[in-house]
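Biologist: Please place the sequence and the coordinates before us, so that we may discuss the fold in order.

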Amino acid sequence: MRVAIAGAGAVGRSIARELLGKHHQVLLIDKDPAKVIPDRIKGAEWRLGDACEVANLEEARLEECDVVVGATGDDKANLVLSLLAKTEFAVRRVVARINHPANEWLFTEAWGVDTAVSTPRVLASLVEEAVEVGDIVRLFGIREGQANLVELTLPEDAPCSGKPVRDLRLPKDTTLVGIVRGKRVITPSPEEPLEAGDELLFIALPNSEDDLRNAVLP
């Protein structure tokens with residue numbers, strides 16, 4: 001993929017390194033000359049300029065990008081970039097960083113955002129995940145909350161412990177998408193036995209979460 005990242009700070013550079021390591025093409029854009037240092041991340045394309053200005057995005061050939069990431073520390077800039085990427089350049093997928101949780105309600109498809117990432121929300125979810133064994137933890141919403149990625153850690157007395165995945169009686173509109181067991185990530189197959197302590201990852205509709213809890217927990 002060709003990916004444009006607005007914001008060459010610590011977050012933008014980390015994303016760029018990950019993508020380059022997976023052999024994607026990366027373009028980093030920043031208006032701060034102090035941050036545009038190509039030697040920091042070799043293999044990436046660099047551009048000095050304001051990612052909120054259409055002329056700069058045209059010169060960067062944003063229409064050729066598969067994904068655009070708004071990773072600046074300014075929520076307004078990330079929103080403007082998202083809207084321009086989607087409406088002016090028809091970018092297929094736009095990901096935006098939310099710096100301040102109070103602005104989270106703005107990061108929707110109306111502003112061109114396909115996926116919004118709030119660091120405080122993710123950190124809070126990870127804290128909850130660490131302490132809420134035996135309950136559902138909502139990690140993040142998909143399609144503006146139409147569905148959620150949720151995590152559930154099996155307690156010692158879970159009735160499904162020791163039984164294969166095929167025996168789970170999941171509610172409608174709920175899918176088991178992964179099992180984290182220790183340092184392993186397991187793709188669930190019908191024969192895979194479940195174990196106490198397994199972290200089960202589901203995609204579920206919000207109104208199915210209570211039924212999911214009742215189906216899996218004692």
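The exchange below treats the sheets, a helix, one loop residue and the nonpolar cores.

Modeller: This is a predicted model, in which local features need pLDDT of at least 70 and side-chain atom pairs count only at pLDDT 80 or more, while totals for chains, interfaces and linings use all residues. Residues are numbered from 1 along each chain as its sequence is written, and side-chain values use heavy atoms, with hydrogens and water left out.

Biologist: Which strands stand at the edges of the six-strand open sheet?

Modeller: Strands are DSSP runs of E of at least two residues and helices are runs of H or I of at least four, numbered from the N terminus; two strands pair if DSSP finds at least two bridges between them. The six-strand sheet has the order 3-2-1-4-5-6 with parallel pairing. Each edge strand has a single partner, so one of its sides is left without a neighbour in the sheet; these are strand 3 (45-48) and strand 6.

Biologist: Which residue stands opposite alanine 6 in strand 4?

Modeller: Strand 1 and strand 4 run parallel and are joined by four bridges. Opposite alanine 6 in strand 4 stands glycine 70.

Biologist: At what angle does helix 3 run to strand 5?

Modeller: Axes are lines fitted to C-alpha atoms, for helices over the stretch in contact (heavy atoms within 4.5 Å), and angles run from 0 to 180 degrees between N-to-C directions. Helix 3 lies across strand 1, strand 4 and strand 5, and its angle to strand 5 is about 175 degrees.

Biologist: How far apart are the end C-alpha atoms of helix 3?

Modeller: The expected span of a helix is 1.5 Å times one less than its number of residues. For the 13 residues of helix 3 (residues 75-87) this gives 18 Å, and the end C-alpha atoms agree, being apart by 18 Å.

Biologist: Which residue caps the N-terminal end of helix 3?

Modeller: A polar contact is a pair of N or O atoms within 3.5 Å; within protein, one must be able to donate a hydrogen and the other to accept it, and residues adjacent in sequence count only if both atoms are side-chain atoms. At this helix end, a side-chain oxygen lies 2.9 Å from the backbone nitrogen of lysine 76, and the capping residue is aspartate 74.

Biologist: Is asparagine 99 buried or exposed?

Modeller: Asparagine 99 lies in the loop between strand 5 (93-98) and strand 6 (115-118), and its side chain makes a polar contact with that of arginine 97 (2.9 Å). Buried means under 20% relative accessible area, exposed over 50%, and partly exposed in between, with a 1.4 Å probe and protein chains only. Because its relative accessible area is 17%, asparagine 99 is buried.

Biologist: Which residue of strand 11 stands opposite leucine 149?

Modeller: Five strands form an open antiparallel sheet in the order 7-8-11-9-10. Strand 8 pairs with strand 11 over six bridges, and seven of the seven residues of strand 8 are buried. Opposite leucine 149 in strand 11 stands isoleucine 203.

Biologist: How many residues has the largest nonpolar core?

Modeller: A nonpolar core is a set of buried Ala, Val, Leu, Ile, Met, Phe, Trp, Tyr and Cys residues joined through side-chain atoms within 4.5 Å. In the largest one, the residues with the most contacts inside it are Leu154, Leu194, Leu200, Phe202 and Val216, and its number of residues is 17.
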